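This briefing goes through selected local features of one protein chain. Please keep the sequence and the coordinates at hand while reading.

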Amino acid sequence: IASTLCPLIDRVSLECEFNNMDHRTDLNGVDRLIVRRGQPFSISLYLRSGGYQPGASSLTCVAETGPQPVEQYGTRAVFGLSPSVDTSCWSAAVISPPGDMVALSLCASPEAPIGRYTLTLGPSTQIQFILLFNPWCKDDAVHMESEQDLAEYVLAQDGLIFRDLNNYPIATPWTYGQFESGILDACLRILDMNPKCLRNPGKDHSGRRNPIYVCRVLSAMVNCNDDRGVLFGNWSNNFDGGVSPMFWRSSVEILRNWDTQACAPVKFGQCWVFAAVACSVSRALGIPCRVVTNYASAHDSNADLLIKRYIDENGKPVGSKEMIWNYHCWVESWMTRPDLKNPEFNGWQAYDPTPQERSEKVFCCGPVPLRAIKQGELTCSYDAPFVFAEVNADVVTYMKKQDGSMSKVTTTTLVGQMISTKSVGSDDREDITHLYKYPEGSAEERETFTKANHQNKLLHQQQQQGDGLHLAIKVSPDMRKGCDFDVFALVSNKGHSDKKCRLVFGSCAVSYTGVMGGNCGFKDMLNVELPPGGERRVPLRLNYSKYDAELTEDNLIRLAALLLDYSTGEALMTLRTIVLTNPEIKVQILGEPKENRRLAAEISLKNPLPEPLHNCCFSIEGANLTGGTVICESLGQSVEPGQDAKAKIYFTPTRSGLRKLVVDFNSNRLCHVKGYRNVIIGK
């Protein structure tokens, strides 16, 4: 194709179906060209007359992205025909014999910025396509070796997010839906609406070659604190003007709402919602990503690696600003870190879109290598001290007495427990704590704390050893919402002398972020006597009639036992948070699951409360199962105590494979009960 022959191009076929399938983007649809960098794709040029002659014909190609494309910044590339495609740079080659149809193979550089492109062939023929990161390409910064990992962390459209407590992790189903209609466009719009792009679009589009830059932008843009981001955070119990974060079961509706409502923030989100949306966007753009949960997660607001808590003489919290969340979710993305000059820091990087503290004057956090956190390398970019504190901070409790004095209380609270994510290829929980920290008390952990100047934790570990009074909380095996049950304070004397103590044993509702609510039960025993080797088991009854009015949507109750030794004046305190379990949702699929065949989900839930349920509603959603929408079915009658709420909901799967049908139940007294059923859809 000589340049003089370019006007003879009659039409161009983008071969979208073939290319998108080859680039694993066909789930986005095949109506437009969506390819990955560092991997060839082919288009067909149909000529009006004449033909391509090897060695005699030439073609100049110009690929451009962004409003100010410049070769210097990588947003513009000019290249001609080569004997064969070079996957290390922008290149083109003819792969068909001479004739009036020319098959042109093209390849984007594995370091090219992602986004929307215009490709100009010769003087005037133009095509448009979208370019994504390519974790299947060895030269891409997000390259991941394992096909099983890629299937989970890039292609999987649903998953599980672990919440509630480390001793009772509950898997919440979530639809990421990164390939649903309109989602990729919304994700690209997030990049376009970020303040860095609005200030300097040329520099921002150039930065999109780098997954480190893109993840940092997403960390800021998934929340709306400094920009026109996606989600509005709300940790109160007042959700007027929006919906409770518990309402969401999918990123799809959130991203669509933001995109179609002029980028107005969607109300409301909390940590697992922020993390899930960030995961959806990362996967949509081609960055391997997973949601992780850190149990007993510290929020260290002054970077001293210390959480200071204050209580009064009855064990009630007073004036504590720094918190320990029962759990906190963030995301990890897979990439190299050439900026850190150490190959050990390649791999999983933590970044957090939940707005907690400012970084470079913006509410964002990360990405930071997990390896840097584990080794205590707190100078690593970005925000290593904050993430290190989330999993390693020490907890110190002080008692403020009525006379104005203050004394230290011995506690056994451990931060950064059972860090969890969904396992590859199954619904099991994978414990990844070892990626963040060495075993408690190990020589490696002590070395890490020394490097991180975390002397307080070392001293605290030494102080926790020894004999004397011991205090623990034990719970009943069955703690279901709607039931009355007992919890127990276990007091023992492992010393060699008699002990006379005061035991304060209380309970209150608590949010997952550690904010205390109303009293659910309280006991104050002024004279607890223990001989050497003695033990007392003190029960505390928790009645539904009392705790029901105090519970938040998290269904959490904080138990606190405070033991005061009259002979020494020393105080010992232990805390435990319990979750009241919701009833199980049972799902049965009626019919043979096949593509484009109507199925029915028969759903039931038993009312566990001692009162009727009104305004009952089931809803279902699933990637490639419900057409990217939520299907609801309201029950016309009340459900009496002990009776089953039942519904039958119809849906039509659109693609074969293993799919997750997410189910939600709501009523006047029992809300946001979630369940799921894995469904294998045949062709």
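The points below cover strands, helices, single residues and backbone geometry. The model is predicted. Its features here include an open sheet of four strands, a hairpin between β10 and β11, and a helix pair, α3 and α8, whose axes are 10 Å apart.

**The four-stranded sheet**

- The strand order in this open sheet is β1-β3-β7-β6, and the pairing is antiparallel.
- Strands β1 (9-13) and β6 (91-94) form the edges, each pairing on one side only.
- On average, neighbouring strands of the sheet are turned by 25° against each other, with direction ignored.
- β1 and β3 (residues 41-47) run antiparallel and are joined by four bridges.
- Within this pair, S13 is placed opposite S44 of β3.

**The β10-β11 hairpin**

- Strand β10 (residues 158-165) and strand β11 (residues 168-175) pair in the antiparallel sense, with eight bridges between them.
- The hairpin connection from β10 to β11 consists of two residues.
- β10 is mostly covered, as eight of its eight residues are buried.
- G159 has W174 in β11 as its bridge partner.
- D164 belongs to strand β10 and has a positive phi of about 70°, although it is not a glycine.
- The relative accessible area of D164 is 9%, so this residue is buried.
- On the other strand, T172 sits in β11.
- T172 counts as buried because its relative accessibility is 8%, under the 20% limit for that class.
- Neighbours within four places in sequence aside, the contacts of T172 are G159, L160, I161, R163 and K674.

**Packing of α3 against α8**

- Helix α3 (residues 183-193) packs against helix α8 (residues 271-285) at an angle of about 100°, and their axes are 10 Å apart.
- The angle makes α3 roughly perpendicular to α8, because the range for that term is 65 to 115 degrees.
- From α3, the residues in the contact are L184, C187, L188, I190 and L191, and from α8 they are V281, A284 and L285.
- By class, this contact has eight nonpolar residues, with no polar and no charged residues.

**Helix α12 and the residue after it**

- In helix α12 (residues 443-451), the buried residues are E445, T448 and F449.
- These residues lie on the same side of α12, because they cover an arc of only 95° around the axis.
- N453, just after α12, takes a positive phi of about 55°.

**P265 and its surroundings**

- P265 is in the loop between α7 (251-260) and β13 (266-269).
- A relative accessibility of 32% makes P265 partly exposed, since that class lies between the 20% limit for buried and the 50% limit for exposed.
- P265 is separated from N225 by 40 residues in sequence, and their C-alpha atoms are 9.6 Å apart in space.
- Apart from neighbours within four places in sequence, P265 is in contact with C224, G229, V230, L231, F232 and W258.

**Cis peptide bonds**

- K267 and F268 are linked by a cis peptide bond with omega near 15°.
- F268 is located in strand β13.
- The peptide bond between G366 and P367 is cis, with omega about 5°.
- P367 is in the loop between β19 (362-363) and β20 (368-369).

**Positive phi in β23**

- M418 is placed in strand β23 (residues 417-422).
- The phi of M418 is positive, at about 45°, although M418 is not a glycine.
- M418 has a relative accessible area of 19% and is therefore buried, as the limit for that class is under 20%.

Conventions:
Residues numbered from 1 in each chain as written. Predicted model: local features only at pLDDT ≥ 70, side-chain atom pairs only at ≥ 80, totals over all residues. Heavy atoms only, no water. Pairing = 2+ DSSP bridges. Axes fitted to C-alpha atoms, helices over the stretch in contact; angles between N-to-C directions. Buried < 20%, exposed > 50% of the residue type's maximum accessible area, 1.4 Å probe, protein only. Arc of directions from axis to C-beta. Parallel < 35°, antiparallel > 145°, perpendicular 65-115°, else oblique. Contact = heavy atoms within 4.5 Å. Nonpolar A, V, L, I, M, F, W, Y, C, P; charged D, E, K, R; others polar.
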